[in-house]
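Biologist: Please take a close look at the place where the ligand sits, and then at whatever else in the fold deserves a remark. I would like one connected account.

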Amino acid sequence: MSETEFRIGVLGSGTGSNFVAIAEACASGTIPASIALVLSDVAEAGIIDRARERGLPARYLAPGKFRTRLEEEAESQYAAALVTAGVDLVVPAGFMRVLKSPFLSAFEGRIVNIHPSLLPAFPGLEAWKQAWAYGVKVTGCTVHFVDSGVDSGAIIGQQTVPVLDDDTPQTLHQRIHGAEHELYPKCVAAIAAGKLQVAGRRVAIGTKAVA
Ligand code: GRF
């Protein structure tokens with residue numbers, strides 16, 4: 001690994017299918033970066049196995065006593081591990097805890113996330129179920145910067161997915177997952193390649209500055 005290489009740190013709590021899409025894009029060179037570290041708050045999470053199968057460093061870090069966020073000391077340990085690994089960009093991939101300070105300040109403007117709806121519609125948990133129950137005809141997924149709110153950071157990219165009449169929440173979720181595996185690597189590749197133009201909430205992928 002060269003010293004100038006862009007380094008990604010991944011956080012995950014689950015199966016890690018988005019992680020796999022990103023790891024494969026790094027391995028093939030589609031994302032000009034390497035995965036420096038994978039951290040999980042769930043000891044038996046599939047994402048740890050998926051990383052180790054690929055020879056990537058992965059470990060469980062105890063999250064502390066809360067259910068939806070990291071305890072402050074744990075949060076400092078997560079941030080320290082990523083700093084030590086020389087991480088340039090933090091990429092949560094199905095990480096089921098809200099990140100707070102000191103983590104946010106340690107990686108300000110350098111944390112992205114993927115959410116399974118077209119934000120700002122349906123933030124929060126089980127967004128595909130919310131979209132299905134609401135009856136929208138089009139939904140999708142969103143890659144966005146992480147700020148101190150819930151799914152509220154500036155939007156980097158979105159991909160639409162149709163909602164079919166015979167969809168169940170599960171079939172819709174599956175289709176959204178497929179779109180995530182395309183969109184997340186594409187957005188991370190643009191960031192790693194230095195192709196993002198940011199002007200407040202307005203973000204563009206490309207060489208033209210955002211108005
Ligand atoms: C994805 O649906 C993503 O939108 C959400 O968590 C899920 C993670 O799935 N943030 P996976 O672990 O990447 O398969």
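Modeller: A polar contact here is a pair of N or O atoms within 3.5 Å. The model is predicted, and every distance below is computed from it.

With that cut-off, begin at Glu180: an N or O atom in the side chain of Glu180 lies 2.4 Å from an oxygen atom of the ligand, so the two form a polar contact. Ser17 also reaches the ligand with its side chain, where a polar atom is 2.5 Å from a ligand oxygen. Gly16 takes part through its backbone instead, with an N or O atom 2.9 Å from an oxygen atom of the ligand. On its own the ligand would expose 370 Å², and the protein buries 87% of that.

The residues around the ligand come from several stretches of the chain. Thr15, Gly16, Ser17 and Asn18 are among them, as are Gly94, Ile114, His115 and Pro116. His173, His177 and Glu180 complete the shell. By type, the shell has eight polar residues, two nonpolar ones and one charged one. Glu180 is the charged one, because Asp, Glu, Lys and Arg are the residues that count as charged.

Now place this shell on the secondary structure. At least two shell residues come from each of helix H1 (17-28), strand S5 (112-115) and helix H6 (169-192). H6 gives the most, with three residues. The space that the ligand takes is the largest pocket.

Away from the ligand, look at the aromatic rings. The structure holds three aromatic pairs. In one of them, the ring centres of Tyr78 and Phe95 are 6.0 Å apart and the ring planes stand at 50 degrees, so this pair is tilted. Tyr78 belongs to helix H3 (residues 72-84), while Phe95 is in the loop between strand S4 (89-92) and helix H4 (103-106), so the pair ties together parts that are 17 residues apart in sequence.

That loop between S4 and H4 also holds Pro102. The peptide bond leading from Ser101 to Pro102 is cis, with omega near 5 degrees.

Another cis bond runs from Leu119 to Pro120, with omega near 10 degrees. Pro120 is in the loop between S5 and helix H5 (127-134). Phe122 has its place in the loop between S5 and H5 too. The phi of Phe122 is positive, at about 55 degrees, although Phe122 is not a glycine.

Key: Residues are numbered from 1 along each chain as its sequence is written. This is a predicted model: local features need pLDDT of at least 70, side-chain atom pairs count only at pLDDT 80 or more; totals for chains, interfaces and linings use all residues. Side-chain values use heavy atoms; hydrogens and water are left out. A residue is near a molecule or strand if one of its heavy atoms lies within 4 Å of it. A polar contact is a pair of N or O atoms within 3.5 Å; within protein, one must be able to donate a hydrogen and the other to accept it, and residues adjacent in sequence count only if both atoms are side-chain atoms. Accessible areas come from the Shrake-Rupley method with a 1.4 Å probe; for residues, only the protein chains shown count as cover. On a 1 Å grid over the protein atoms alone, a cavity is a set of points where a 1.4 Å probe fits but cannot get out, and a pocket is an open set with protein on both sides within 12 Å along at least five of seven lines; lining residues have an atom within 4 Å of a point. A molecule sits in a cavity or pocket if more than half of its atoms lie within 2 Å of its grid points. Helices (H or I, at least four residues) and strands (E, at least two) are DSSP runs, numbered from the N terminus. Rings of Phe, Tyr and Trp (its six-membered ring) pair if their centres lie within 6.5 Å; planes under 30 degrees apart count as stacked, over 60 as edge-to-face and the rest as tilted.
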